[in-house]
Amino acid sequence: MSAIANLNPRRDIGLIRERIEIQLAQGIDPQDSMADLALRNPIALADLVVGPKAIGDVRWLRAALKHIASLEESLAPNGLYRRLIGLSPELSDEVLDLAVRRHPTASWVVELSRKIEGQSAGITHLTACAAHPAFAQNCWAHAAAGHLPGLIEVAKRTGRAEPAAALTSSGHLDAAAFAMIAALEKMPNAPVVAMVAAAWGPQPVSILHRTLPHLRSRKVALSLFQQSTGYPAFSSLLDTIIRAMVHS
Amino acid sequence: MMLAAYLHGTPGRLPFVGHFRSARSNDALSFAVAGRVDARGDISVAFRGARTLESTLLGVKLADCADRHGLLQALWDAITAVDGFDLGREGGADLVVLLVVRDSEGTGIAGAGLGGVWDWSEGELNPVVTNEHPLLNGPGRPEQLPGVLTLDIQSDTLVAVAHDHPVPTLQRTDLARLCGVNP
């Protein structure tokens with residue numbers, strides 16, 4: 001039951017804050033009070049969640065994530081999610097997860113990912129939007145931001161060729177080669193060579209050569225070979241390597 | 001200097017879908033070809049079509065050609081002989097290609113689906129074919145041997161844009177990369 005049902009959010013915001021803080025101190029779930037506030041006055045809710053005198057308790061903030069739509073009505077998403085993370089870094093993963101699901105195409109998610117995931121930036125975002133039409137666009141944005149390990153990991157998890165192509169476009173050729181092999185390990189038919197050629201130009205042989213140090217499996221090498229037959233010198237070299245590889 | 005033909009990429013994330021490039025020379029003859037096929041189709045299908053054209057062009061025997069005109073005929077014959085099923089969903093009807101041939105007497109260019117051709121020398125771009133020139137015909141494989149333009153300049157590198165290129169002008173900045181030519 002809401003502890004603030006009889007209070008006016010416009011007039012009694014200080015009192016509402018006090019009652020919620022008492023609830024939290026007593027170990028009472030603030031969800032009912034929050035739902036009441038979200039229904040009656042989303043701006044007051046936003047004030048108590050992310051305003052200058054926000055209630056910083058992690059239970060309050062976690063409960064607020066269930067009312068994210070109400071909060072977005074009061075504050076631009078970019079600033080809202082940043083503020084939530086600033087108030088409670090321990091909720092960072094949950095906040096990022098929510099942000100990427102609600103705003104898969106937003107450019108600010110790229111920077112938010114970096115802030116939260118660091119070196120692995122892009123994994124949460126791109127994994128969540130792998131089936132979304134904006135997946136390619138987002139791969140390019142993360143590549144431009146230099147999120148190399150994240151893109152390689154996404155290639156590994158999804159088997160998609162776009163991360164390799166995006167890395168190629170940004171000039172990260174070693175990472176692109178790594179992502180090509182990572183994608184083939186997951187999806188042997190992933191069109192990595194065609195996609196990289198479409199991004200780089202019709203002669204991607206220098207990138208193909210960079211894949212060789214990453215080859216660990218004969219199966220993957222055979223996939224790469226099948227896609228590389230249009231480049232006779234490289235496919236001949238790869239054929240020699242495959243013959244020397246043990247069956248796996 | 002080696003003869004080179006480049007086709008400008010299409011603006012977007014994947015500028016070189018279905019792009020192909022080929023160049024060869026012997027003591028007497030040289031050719032350079034750049035083009036694209038099935039550029040709006042499936043990436044893998046377009047890629048296969050492009051590689052098919054490259055391998056076909058590499059099969060042209062320069063030694064069998066008397067001069068640049070014979071070489072140009074051999075190149076067109078090779079392109080025309082490719083099965084349309086290997087060239088994507090339009091069977092080659094969307095082919096864009098620039099062919100450059102050279103012998104001791106001069107250099108000639110021909111093509112299909114082009115929106116303009118420039119000479120790229122010493123960092124400068126000079127128009128060779130623009131506007132309403134008859135060389136700038138529609139895309140696709142020709143049913144009969146198209147015309148050839150003999151250049152009155154010594155040009156080693158020619159750059160073309162496709163007929164549907166949004167802005168049919170070129171800028172020197174980063175041009176090689178925009179043509180898919182990388183170190």
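## Exercises on a predicted two-chain model

E122(B) has 4 C-beta neighbours inside 10 Å and so counts as exposed. Keep in mind that this is a predicted model. Here are some exercises to work through with the structure open.

**Exercise 1.** Find where E122(B) sits, and say what is unusual about its phi.

*Solution.* Start with the location: E122(B) is in the loop that links β6 (114-121) and β7 (124-129) of chain B. Next, check the backbone: phi of E122(B) is near 50 degrees, a positive value in a residue other than glycine.

**Exercise 2.** Is D174(B) buried or exposed? Work it out from the neighbour count, then look at its backbone.

*Solution.* Count first: D174(B) has 8 C-beta neighbours inside 10 Å. The cut-off for exposed is 12 or fewer, so D174(B) counts as exposed. Now the place: D174(B) belongs to the loop between β9 (157-162) and α3 (175-178) of chain B. Finally, phi of D174(B) is positive, about 65 degrees, although this residue is not a glycine.

**Exercise 3.** Classify the packing of α2(A) and α3(A), and list the residues that make the contact.

*Solution.* Take helix α2 (residues 31-40) and helix α3 (residues 42-50) of chain A: their axes are 6 Å apart, at an angle of about 135 degrees. Angles over 145 would count as roughly antiparallel, and 65 to 115 as roughly perpendicular; α2(A) and α3(A) are therefore oblique to each other. On the α2(A) side, M34(A), L37(A) and A38(A) make the contact, while α3(A) brings P42(A), A44(A) and L45(A). By class, that gives 6 nonpolar residues, with no polar and no charged ones.

**Exercise 4.** Which residues of helix α8 (residues 108-117) of chain A are buried, and what covers them?

*Solution.* The buried ones are V109(A), L112(A), S113(A) and I116(A). Their arc around the axis is only 105 degrees, so they lie on the same side of α8(A). That fits a general rule: an α-helix has 3.6 residues a turn, so residues three or four places apart point the same way. The cover over the buried residues of α8(A) includes α6 (77-87), α7 (92-102) and α9 (123-128) of chain A. Just past α8(A), G118(A) has a positive phi of about 60 degrees.

**Exercise 5.** Describe the side of chain B that touches chain A.

*Solution.* Begin with the counts: 17 residues of chain B are in contact with 15 residues of chain A. The elements of chain B giving two or more residues to that side are β2 (19-25) and α1 (43-58). The largest share, 7 residues, comes from α1(B). Sorted by class, this side of chain B has 8 nonpolar, 5 polar and 4 charged residues.

Technical notes:
Residues are numbered from 1 along each chain as its sequence is written. Chains are lettered from A and ligands numbered from 1 in the order in which they are written. This is a predicted model: local features need pLDDT of at least 70, side-chain atom pairs count only at pLDDT 80 or more; totals for chains, interfaces and linings use all residues. Two residues are in contact if their C-beta atoms, placed from the backbone, lie within 7 Å. Helices (H or I, at least four residues) and strands (E, at least two) are DSSP runs, numbered from the N terminus. Ala, Val, Leu, Ile, Met, Phe, Trp, Tyr, Cys and Pro count as nonpolar, Asp, Glu, Lys and Arg as charged, and the others, Gly among them, as polar. Axes are lines fitted to C-alpha atoms, for helices over the stretch in contact, and angles run from 0 to 180 degrees between N-to-C directions. Angles under 35 degrees count as roughly parallel, over 145 as roughly antiparallel, 65 to 115 as roughly perpendicular and the rest as oblique. A residue is buried if 20 or more other C-beta atoms lie within 10 Å of its own, exposed if 12 or fewer, and partly exposed in between; C-beta atoms are placed from the backbone. The arc is that of the directions from the helix axis to the C-beta atoms.
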